[in-house]
Amino acid sequence: MTRIRLVFLGSGSSIPTVERNHPAIYIDYEGDLMLWDCGEGSQRQMMKADLRLMKINHIFVTHWHADHFAGLIGLIETFNLGQRKKPLTVYGPEASRFIDAFSELSYWDFGFEMKAVDVEFEGNETSKLFENRFYKILSVPVKHSVPAVAYCLEEKDRWNIDMKKAKKLGLEEGPILEKLKENGKVKHKGKIVRLKDVASKTKGKKIVYSGDTAPCKNMQNLAKGADLLIHDGTFIEGPEEKEEKMEKRHSNVRKAAEIAKKAGVKKLILTHFSRRYKNVNELVTEARKVFKKTEAAKDLMEVIV
Ligand SMILES: [Zn+2]
């Protein structure tokens, strides 16, 4: 069983508070480290939580509002001063435009290879941004005041070989089993051995993060069946939401909970709380009327999926 570790580096929104930093989520997939958003102060939050920030190789930015990316500038400088040599890939809508701008902001070169991947931010299609043997990272356009996307880590199903059964059919540990896992079957001593005859399947996990968004269908589709949905929960339904036209850019907690329910997720964590809420219990209570398994993010909270 894999263990995917998430740490919320910030659970606030555009203006931070003493308790809530700007948005960023640190993800550790069996030693593969990435960030989803990188608000100002993210690197100090990682230091406080004793996380291995120098080893981050991928940063996925949901949109280029400062509360979601301003931490990148300082983090890049730390990488540079720390003699980083490994490439860093930054994904986001129009990422190359912003990474080019960063390179103009200082007197020195990045000092390591910086790759920018422009993520599709229009339409309804899911895009695959990254894939290795174990998982994929997907994105989908969402509804905000600037180009914005949501991200998903989708783990592949894993086959666990029962060595007793495999040995009975004459298969020994080694490359032949890798081949069996890859192709679903192998020919051994003139006979076809099928993967399902000797192995059981563990379903891959799925984690989805909305970034900033008004409630939208794309989000619901991406979140389908997720083990964990992390969703914009800036407000509680009310007049302020309408006055500030926030309803077009962010989700109230009830609507976030409706998405969780319709998508059939296992758990919802609300985040990106407006600073007007000193205590978010009221927001969680409201969301739980629709979707029981709701929690509120807080800074440096760790979640294992
Ligand atoms: Zn934001």
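A salt bridge, for these notes, is a side-chain nitrogen of Lys or Arg within 4 Å of a carboxyl oxygen of Asp or Glu. I keep in mind throughout that this is a predicted model.

**Entry 1: salt bridges**

I searched the whole structure with that rule and found 16 salt bridges. I then picked out a few pairs to look at one by one.

I began with K201, which pairs with D157; their closest N and O atoms are 3.7 Å apart. This pair joins distant parts of the chain, 44 residues apart: K201 sits in strand β13 (residues 199-202), and D157 in the loop between β9 (149-155) and β10 (158-161). I noted D157 as partly exposed, at a relative accessible area of 33%.

Next I looked at K266, whose salt-bridge partner is D227, with 2.9 Å between the closest N and O atoms. K266 is in the loop between α10 and β16, while D227 is in the loop between α8 (217-222) and β15 (228-232), so the bridge ties together parts that are 39 residues apart in sequence. Is each partner buried or exposed? K266 is exposed, with a relative accessible area of 52%, whereas D227 is buried, at 18%.

My third pair was K267 with E295, where the closest N and O atoms lie 3.7 Å apart. Here too distant parts of the chain are linked: K267 belongs to the loop between α10 and β16, E295 to strand β17, and 28 residues separate them. K267 is partly exposed, with a relative accessible area of 25%, and E295 is partly exposed as well, at 33%. I also noted one network, in which salt bridges that share partners join E237, R254, E286 and K289.

**Entry 2: helix α11**

E286 from that network led me to helix α11. Which residues of α11 (residues 281-288) are buried? I listed L283, V284, E286 and A287. They lie on the same side of α11, because they cover an arc of only 160° around the axis. A reminder to myself: an α-helix has 3.6 residues a turn, so residues three or four places apart point the same way. I then checked what covers the buried residues of α11, and the elements include α10 (253-263), β16 (268-271) and β17 (294-296).

**Entry 3: the zinc ion**

Which residues coordinate the zinc ion? I found D67 (OD), H68 (NE2), D212 (OD) and H272 (NE2), at 2.1 to 2.2 Å. Along the chain, the donors follow the spacing D-H-x143-D-x59-H. I went through the angles as well: the four donor atoms subtend 88 to 160° around the zinc ion, which makes the arrangement irregular. The cut-off behind that call is that four donors count as tetrahedral if all angles lie between 85 and 135 degrees. Of the ligands, I looked up D67 and H68 for burial, and both are buried.

**Entry 4: domains**

I noted the division of the protein chain into domain 1 (4-157 + 203-304) and domain 2 (159-200). The C-alpha centres of domain 1 and domain 2 are 40 Å apart.

**Entry 5: positive phi**

Lastly I looked up two backbone angles. Q83 has phi near 60°, a positive value in a residue other than glycine. Q83 lies in the loop between α3 (71-81) and β5 (88-92), and Q83 is exposed, with a relative accessible area of 57%. L300 has phi near 65°, again positive in a residue other than glycine. I placed L300 in the loop between β17 and β18 (302-304), and L300 counts as partly exposed at 33% relative accessibility.

Notes:
Residues numbered from 1 in each chain as written. Predicted model: local features only at pLDDT ≥ 70, side-chain atom pairs only at ≥ 80, totals over all residues. Heavy atoms only, no water. Buried < 20%, exposed > 50% of the residue type's maximum accessible area, 1.4 Å probe, protein only. Helix = DSSP H or I, 4+ residues; strand = E, 2+ residues; numbered from the N terminus. Arc of directions from axis to C-beta. Contact = heavy atoms within 4.5 Å. Donors = N, O, S within 2.8 Å, 3.2 Å for Na, K, Ca; no water. Tetrahedral: all angles 85-135°; square planar, octahedral: opposite > 155°, others 65-115°. Domains from an automatic or database assignment.
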